[in-house]
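Dear colleague,

I am passing on the structure we spoke about, together with an account of what was found in it. Please keep it open beside this message while you read.

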Amino acid sequence: MPNAPAPLFRDPIYDGAADPTVIWNRQEGAWWLLYTSRRANVPCRGVAWAHGTDIGIASSVDCGRHWIYRGTLAGLEFEPGRNTFWAPEVIWHAGRYHMYVSYVRGVPQDWSSPRAIAHLTSEDLWRWQYQSTLSLSSDRVIDAAVQRMPGGHWRMWYKDEVSGSQTWAADSDDLYCWTARGPVISDCAGEGPNVFYWRGSYWMVVDHWAGLGVYRSAEAENWRRCGTILDAPGRRRDDGAIGGHADVLVNGERAFIFYFTHPDWDRDEAYGMDEIHPFRVKRTALQVAELAVRDGMLICDRDKDFDFQLQPD
């Protein structure tokens, strides 16, 4: 039984892979892993290392067993200068890839800068065309997740930092024009929402910085909290920390969760915005685990061996 490698992937340039998303590249016939390429090994003050980031690419032609670094996505820049791209959400619809990526102008040293979600499209995942910067609920929105609703329109879930980092929703009929609807997850703050349909229910996982909060809905409208996953450290290599900002891939009858960890970071440590943070604080790794449903609850045993083979989409 081919177990998933642990870690699944580490960025060979900056060693700061985070916020993964997985998509089947129809043109290459390969799985692509896209992620925020944090500059973990670059000495800089504050959180400048988490800005000025590109979207990294790794690909696999053997069902996800081995991943090769392919570089970073070119052509995302729509403003001059060195800017910041985070947390890509990529979907395929009607012969085109759509990316919704968090965008911050420049390379800030702290977390206070405005940020937005930009929309770009591509026919091959390599060459991207800027469409717009979305007008949503505030000037501090990040981490888009997009899913088609039962009625046929599209919904986006995202983090609104002005609204206490609640998870908001916006709707679109065409993937281009979006209208904010309001908060949908307000029981606690979070980021990186991810929504998927599996085994007769819609599920949402949200990074609450203490593992991933799990929500369940029959129609993707009314959400009920039902537990937490990846809140206890695992035993695999580079997996001994809580899981963060995840993407769930439903692959046939199975569902796999891709997430990142800070393997060496003690979260009780505090680092200021004028300090140069040590590399061990910044280093991250990507992991994968299999999901299951038990008694109506989504569960994840991150230490369990499992047959990890992604089937072509």
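In this predicted model, the side chains of D239 and R236 meet in a salt bridge, with 3.4 Å from N to O, and both D239 and R236 are buried. This contact belongs to a total of 22 salt bridges in the structure, and two others seem worth describing in some detail.

The side chains of D15 and R10 form a salt bridge at 2.6 Å, N to O. The two partners differ in their surroundings, because D15, with a relative accessible area of 10%, falls under the 20% limit and is buried, whereas R10, at 31%, counts as partly exposed. Both residues also take part in a wider arrangement, since R10, D15, D238, D264 and R283 are linked in a network of salt bridges.

The side chains of K159 and E191 meet in a further salt bridge, at 2.9 Å from N to O. This pair links distant parts of the chain, for K159 lies in strand β10 (residues 154-160) and E191 in strand β13 (residues 191-198), and the two are 32 residues apart. K159 is buried, with a relative accessible area of 5%, and E191 also counts as buried, at 19% relative accessibility; with the limit for buried set at under 20%, you may wish to read the label on E191 together with its value of 19%.

Turning to the strands, β1 (residues 17-25) is mostly covered, as 9 of its 9 residues are buried. Strand β1 runs antiparallel to strand β2 (residues 30-37), and 7 bridges join the two; within this pairing, V22 has L33 in β2 as its bridge partner. Together β1 and β2 form a hairpin with 4 residues between them, and in the turn G29 has a positive phi of about 65°.

Strand β2 also enters into the aromatic contacts, of which the structure holds 15 pairs. The rings of W32 and W126 have centres 4.9 Å apart and planes at 80°, and because an angle over 60 degrees counts as edge-to-face, the pair is given that label. W32 lies in strand β2, while W126 lies in the loop between β7 (116-122) and β8 (128-133), so the contact ties together parts that are 94 residues apart in sequence. W32 counts as buried at 0% relative accessibility, whereas W126, at 28%, counts as partly exposed.

F256 and F308 form another edge-to-face pair, with 5.3 Å from centre to centre and 85° between the planes. Here too distant parts of the chain are linked, since F256 is in strand β18 (residues 254-261) and F308 is in the segment after β20 (297-300), 52 residues apart. F256 is buried, with a relative accessible area of 0%, and F308 likewise counts as buried at 0%. Ring pairs also link F78, F85, Y103 and Y130 into a cluster.

The last part concerns internal space and pockets. The count comes to 1 cavity of 30 Å³ or more, and about 100 Å³ of space lies in the largest cavity. Its lining comprises 14 residues, of which P88, E89, A144, H245 and A246 lie nearest the centre, and the elements that give two or more residues to this lining are β1, β5 (84-93), β9 (141-148), β13 and β17 (244-251). By class, the lining of the largest cavity has 6 nonpolar, 4 polar and 4 charged residues.

The largest pocket has a volume of about 700 Å³ and is lined by 32 residues, with R38, W111, E191, W209 and W265 nearest its centre; E191 is thus named here as well as in the salt bridge with K159. At least two residues of this lining come from each of β5, β9, β17 and β18, and the lining divides into 15 nonpolar, 6 polar and 11 charged residues.

The second largest pocket, with a volume of about 560 Å³, is lined by 23 residues, of which V90, I91, V146, Q147 and L249 lie nearest its centre. The elements that give two or more residues to its lining are β1, β5, β9, β13 and β17, and by class this lining has 15 nonpolar, 3 polar and 5 charged residues.

With best regards

Conventions:
Residues numbered from 1 in each chain as written. Predicted model: local features only at pLDDT ≥ 70, side-chain atom pairs only at ≥ 80, totals over all residues. Heavy atoms only, no water. Buried < 20%, exposed > 50% of the residue type's maximum accessible area, 1.4 Å probe, protein only. Pairing = 2+ DSSP bridges. Salt bridge = Lys/Arg side-chain N within 4 Å of Asp/Glu carboxyl O. Phe/Tyr/Trp six-rings, centres within 6.5 Å; stacked < 30°, edge-to-face > 60°. 1 Å grid on protein atoms, 1.4 Å probe; cavity = no way out; pocket = protein on both sides within 12 Å on 5 of 7 lines; lining within 4 Å. Points joined across faces, edges and corners; volume = space filled by probe spheres on them. Nonpolar A, V, L, I, M, F, W, Y, C, P; charged D, E, K, R; others polar.
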